[in-house]
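Biologist: I've got a new chain to look at and I'm not sure where to start. Could you walk me through it?

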Amino acid sequence: MEENVTEQGNSGTNSQQQDEQQDEQPTQTEELVHKRGGTSVAWMWFGFKKTDTDQTTVVCKVCRCTVPTTDSNTTNLFYHLRKNHDKEYRESQREKAAKALSSNVDVEKKKLQTQTLQQAFTRGTPYSHTSRRWKEITTAVAKHICKDMAPIYTVEKRGFCELVQTLDPRYEMPSRKHLNKVVLPALYDECRAKVEEEIHKGMFYATTTDMWSSRTTHPYMSLTIHFIDQAWNLRSRCLQTSYFPEDHTGQEIARGLSEALESWGLNQDHLVCVTTDNASNNILALELMNETTRLQCFGHRLHLAIGRGVKVHQVERAVGVCKKIVAAFSNSWKRRRELAKAQAEQNPPLPRHQLITETPTRWGSMQAMVERVIEQEKALSQVLRADKKTRHLVPTWQDMDVLESMNKALSPLKEFTDALSGELYPSVSYLKPVLHLFNNQILKHQDGDTELTTTIKEGILKYLNEKYDDKKTQELLDMASLVDPRFKTTCIKQERVDYIKTRAAAELQKLVAEQAEPEAAPLPSAATARDQDEPEEVPAKKKKKSLSSYFKTAAKPSQAAPHSSRESIENELNLYLLLDAGPDTDPLEWWKKNEGHFPHVAKLARKYLCIPATSSPSERAFSASGNIVSCQRSALKPARVDQLVFLALNL
């Protein structure tokens, strides 16, 4: 009886709680209010009762259940959909992804609109022609035209203008006239001022010069200068490529060179040497210029020596066959195609090299042509035999023997020409060792040499020894070799060593006296005298550690001797000659480290090591001139040619 009463009581309580929950839950027809300020897609399936003015109780629109959640947090809402309403949950995820994509598109549109506005603003406000940025770009355009030897009308070419506009839309390209009349002359004046400052810092200098005719048959004279700066760097500058309409006589060339040196403010007494080719008018011109020392271009001399050495009937015939073979392949693309096939068919395959054409004015081109024909002989013979028109050009075994003998004699010489044509390292000090090497090793008769090879070597040696046997030339080469720490007196004849040392000491004493005169000229001022009355401690010069301790001990007595003392100069020279330097030593780097130990001999090294062994710098100036005065630019005036060549080689 008691249990029945209890059950009835519990059932009454449960029914009462269910009635209360039904009263709290909205009916299916009751409209729910949307979340105020809600931006999440979750609120499409959740809301609040109208009576819930504070919106604290979240109700599901699908099942009308209350979902506990904190304010503005939708994590539980999505969890409720995923657990109880799978269809609605998938739809909510699609809506969420679509909204995120739409948001990103809106952001990109805003960025694009902002960029477009910025571009429109910048495109509408070009740089002022007086602004720093406009001047920088204009100078860069001018340097591109000069250094790359491009025509001035490049600034009017559509593609170049579009390129510059793409890089900087605010820049307006100057007109061709403005570039020609204003920008280039200003750039030339600026570069010339820098070159003048450089060349006036060096005391001694050497030059090269040569004559040249442009495509328009206008004659020009080039002048390059070479000197060693205070940091022991060998500098090379092209001073001018001047118009020279006068007769190319020795007198006129001498006058032109003197005027050129004067226009640059160069003291002719400090001109050590002029390197030229072997033209008689150049020789006479330098004899008229107060007996200025002239060095014959080694490249021209070696080229002429080879030409004299191969003047043998059988050699001339074999070289003539080579020229005809090269011409036959140069004038026919079909033969070149067949040559490529023949090269691949050989066993082993030959290198796919093209034939080389001889250029009479190019050093070593004949030997390069012969060497290439020997290399490709099998493929060449195969192609020539297949054509009736060229069968007669097939080289015979006698021709090949002659060519091989000739190549054996000449092939070692090509490396010396290239090595002595450099501008950034001393080359004149190599001449004496190279001639010594030719006489004692390279061109000396060796076992296995044919009679023709020996004849060619003897002819070359005889010509070179005759041309370099001049007294002034020998003294110049001996002095240059003496101040090169790699060679010193090793290549000087033993009977001439004492004479060269005496001459070097006398020249050093003269140099010291000449440099001491300007320093003693100014009188001491009152401030200087006052400073002398109050002696200060002078910090000792930091000694270099590149020499041995023996040398440092021996150098102390000579430093105490007077600077103008002949005895101190001779002692310093003898100490310098005692030191050994390896064959791979850079002479300028060596002098940079040891100038403090041999200050007098260093002056002599700075004087002689700047001389170029060949006239290649002038030849390079002519190559630049040929690229500038082209068929499309044949109307350039000589003054403009001089400016453009100067800027192309000195910028």
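Modeller: Sure. One term up front: a contact means heavy atoms within 4.5 Å. Also keep in mind that this is a predicted model.

Biologist: What share of the contacts with a separation of 6 or more comes from residues 24 or more positions apart?

Modeller: Here we leave out pairs with a separation under 6 and look at the remaining contacts in the chain. Of those, the part from residues 24 or more positions apart is 66%.

Biologist: How many helices and strands are there, and what percentage of the residues is buried?

Modeller: The chain has 26 helices and eight strands. Buried here means under 20% relative accessible area. Of the 651 residues, the buried ones make up 43%.

Biologist: What about the outside: how much of the accessible surface belongs to carbon and sulfur atoms?

Modeller: The accessible surface of the chain comes to about 37,200 Å². The part that belongs to carbon and sulfur atoms is 50%.

Biologist: Let's do sheets. In what order do the strands of the five-stranded open sheet come?

Modeller: This sheet has mixed pairing. E6 and E8 each have a single partner strand, so they stand at the edges and one side of each is left without a neighbour in the sheet. From one strand to the next, the twist averages 25 degrees. Reading across, the order is E6-E5-E4-E7-E8.

Biologist: Which helix packs on that sheet by touching E5 and E6?

Modeller: Its direction makes about 170 degrees with that of E6. The helix you're after is H26.

Biologist: Which strands pair with E7, and in which sense, parallel or antiparallel?

Modeller: Three bridges join E4 (residues 205-213) to E7, and Tyr-205 stands opposite Leu-271 there. E7 also pairs with E8 (residues 294-296) over three bridges, where the partner of Thr-275 is Leu-295 and that of Thr-276 is Gln-296. So the partners are E4 and E8, and the sense is parallel in the E4 pairing and in the E8 pairing.

Biologist: Why is E7 described as largely enclosed by the rest of the structure?

Modeller: Go through residues 271-276 and check each one for burial. E7 is largely enclosed because the number of its residues that are buried is six of the six.

Biologist: There's another open sheet, with three strands. Which of its strands are at the edges?

Modeller: The order is E1-E2-E3, with antiparallel pairing. Two bridges join E2 (residues 58-60) to E3, with Val-59 partnered by Thr-66. An edge strand pairs on one side only, and that fits E1 (46-47) and E3 (66-67).

Biologist: Back to H26. How many of its residues are buried?

Modeller: H26 covers residues 638-650 and reaches 18 Å from its first C-alpha to its last, close to the 18 Å expected. Its buried residues include Val-641, Leu-644, Phe-646 and Asn-650. They pack against H4, H6, E5, E6 and H25. The helix is mostly covered, and the count is 10 of 13.

Biologist: H4 and H6 turn up in that list; how are they arranged, roughly parallel or roughly perpendicular?

Modeller: Residues of H4 including Trp-134, Ala-142 and Ile-145 meet H6 residues, among them Leu-179, Val-183 and Leu-187. The helices pack at an angle of about 85 degrees, with their axes 10 Å apart. Angles of 65 to 115 degrees fall in one class, so H4 and H6 are roughly perpendicular.

Biologist: Any odd backbone spots? Which peptide bond is cis?

Modeller: Most peptide bonds are trans. Here, look in the loop between H11 (333-345) and H12 (365-375), where Pro-348 lies. With omega near -5 degrees, the cis bond runs from Asn-347 to Pro-348.

Biologist: Met-149 and Lys-488 each have a positive phi without being a glycine. Which of them is buried, and which is partly exposed?

Modeller: Each phi is about 55 degrees. Met-149 lies in the loop between H4 and H5 (158-167), while Lys-488 lies in the loop between H18 (471-482) and H19 (494-520). Their relative accessible areas are 25% for Met-149 and 6% for Lys-488. With the cut-off for buried at under 20%, the partly exposed residue is Met-149 and the buried one is Lys-488.

Definitions and conventions
Residues numbered from 1 in each chain as written. Predicted model: local features only at pLDDT ≥ 70, side-chain atom pairs only at ≥ 80, totals over all residues. Heavy atoms only, no water. Helix = DSSP H or I, 4+ residues; strand = E, 2+ residues; numbered from the N terminus. Buried < 20%, exposed > 50% of the residue type's maximum accessible area, 1.4 Å probe, protein only. Areas by Shrake-Rupley, 256 points an atom, 1.4 Å probe, with all protein chains shown as cover. Pairing = 2+ DSSP bridges. Expected span 1.5 Å × (residues − 1). Axes fitted to C-alpha atoms, helices over the stretch in contact; angles between N-to-C directions. Parallel < 35°, antiparallel > 145°, perpendicular 65-115°, else oblique.
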